Amino acid sequence: MSLLEVEDLAIHFGGVKAVDGVSFSVAPGEVFSIIGPNGAGKSTIFNLISRIYKPTRGTIRFDGADITAFQAHQVAPLGIARTFQNIELFDHSTVLDNLLMGRHTHRSTNFVQDMLFLPAVRRAERAHRRRVEEVMEFLELEAYREKMIAGLPYGVRKVVEIGRALAVGPKLILLDEPASGLSVEESQDVAFWIEDMRRDMGLTVLMVEHDMRLVAQVSDRVLAVANGKPLAQGTPSQVKADPAVQAAYLGTEVAQ
Ligand code: ADP
Ligand code: MG
């Protein structure tokens, strides 16, 4: 059974059909990528799945439940976490605090318990710290633990953004252009982490990415979109060779 099923998804902003009839499903443990030119509707698909936008049409099912009408805050506790194309971190907090904030969705204690610092609170706090330490070790972020986000190089902030999503402890992680702006070497690290997320953490990955080398390296299947519409779906090499995909990328560097 699929972990995520998107069927005939559409959202129209006035006259702009940002997403228009997109369907795909992602199996547990799969790495599934969405590619397409700028403005194709890729980030909008992520905003629909994470319930920031309300679709004009279509359904989204996750882990057997219809989540199309869910609120954004209901999605993380189900096991969906995401990164943002433009990095959404608290610039004046440390790496550690940003990752701990990623754990907020797991809060099971209440305010009075927090005030009294009851054993349940201490236990929950320890579990949060443990998960965050695991994520920091996984992404090799320990050296930056107490560093403020604002002072970090772009490449490190991109990794912290992935860490914040992983700290949630998701089943499905949505990565919006995790390699954009990264060096070849940093992109290679992202490829290894994606492979490890699947193998060691049992995660399912849905990725939007322009770097076709990264897409081909890690993806089981790829969906190409343009102008909100699906162009082709299949293995990375099938999609890359598709005439409609080739035409959509004509004159850009992505088709190489
Ligand atoms: P991509 O991520 O593929 O580059 P986006 O999903 O960001 O593209 O955008 C797809 C289209 O939807 C663009 O034309 C964009 O301007 C439009 N769009 C996205 N969000 C909104 C919004 N909130 N209001 C109006 N138009 C939007
Ligand atoms: Mg985008």
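Let's start right after helix 1, at arginine 51, where phi is positive, near 65°. That sign stands out a little, as arginine 51 is not a glycine. Please keep in mind that we are looking at a predicted model. Arginine 51 belongs to the loop between helix 1 and strand 4. Is its side of the story buried or exposed? Its relative accessible area is 8%, and with the cut-off for buried at under 20%, arginine 51 is buried.

There is another residue of this kind, so let me take you there before we come back. Isoleucine 87 also is not a glycine, and it has a positive phi of about 55°. You will find isoleucine 87 in the loop that links strand 6, residues 80-82, with helix 3, residues 95-101. Isoleucine 87 has a relative accessible area of 15%, and it counts as buried.

Back to the loop after helix 1, then. Tyrosine 53 sits there too, in the stretch between helix 1 and strand 4, which covers 57-62. Tyrosine 53 is partly exposed, at 28% relative accessible area. Which residues does tyrosine 53 touch, once we leave out those up to four places away in sequence? The contacts are Ile11, Phe13, Thr44, Asn47 and Leu48. If you follow tyrosine 53 across to glutamine 71, which is 18 residues apart from it along the chain, the two C-alpha atoms are separated by 9.6 Å.

Three of those partners, Thr44, Asn47 and Leu48, bring us to helix 1 itself, where they are among the buried residues. The others buried in this helix are Lys42, Ile45, Phe46 and Ile49. Helix 1 runs over residues 42-49, and because 7 of its 8 residues are buried, the rest of the structure largely encloses it. Do note that a lysine, Lys42, is on that buried list.

Now for the nonpolar cores. The largest one has 47 residues, and Leu139, Val160 and Leu166 have the most contacts inside it. Which helix gives the most to this core? That is helix 6, residues 154-167, with 7 residues. For a closer look, take leucine 139: setting aside residues up to four places away in sequence, it touches Val159, Ile162, Gly163, Leu166 and Trp193. There is also a second, separate core, with 28 residues, including Val26, Val75, Leu172 and Leu223.

Let me zoom out to the whole chain. It has 10 helices and 10 strands. How does the overall size fit the length? For 256 residues, a compact globule would have a radius of gyration near 18 Å, and the 19 Å of this chain agrees with that. Along the principal axes, the C-alpha atoms fill a box of roughly 60 × 40 × 35 Å. Of the 256 residues, 46% count as buried. Looking at contacts with a separation of 6 or more, 67% come from residues 24 or more positions apart.

Last stop, the surface and the charges. The accessible surface of the chain is about 12200 Å², and carbon and sulfur atoms hold 52% of that. The chain carries 27 positive and 32 negative charges, and the mean positions of the two sets are 6 Å apart.

If you want one place to open on your own screens, try the loop after helix 1, with the buried arginine 51 and the partly exposed tyrosine 53. Thanks, everyone!

Conventions:
Residues numbered from 1 in each chain as written. Chains lettered and ligands numbered in written order. Predicted model: local features only at pLDDT ≥ 70, side-chain atom pairs only at ≥ 80, totals over all residues. Heavy atoms only, no water. Helix = DSSP H or I, 4+ residues; strand = E, 2+ residues; numbered from the N terminus. Rg over C-alpha atoms; globule rule 2.2 N^0.38 Å. Buried < 20%, exposed > 50% of the residue type's maximum accessible area, 1.4 Å probe, protein only. Contact = heavy atoms within 4.5 Å. Areas by Shrake-Rupley, 256 points an atom, 1.4 Å probe, with all protein chains shown as cover. Lys, Arg positive; Asp, Glu negative; His and termini not counted. Charge placed at Lys NZ, Arg CZ, Asp CG, Glu CD. Core = buried A, V, L, I, M, F, W, Y, C linked by side-chain atoms within 4.5 Å.
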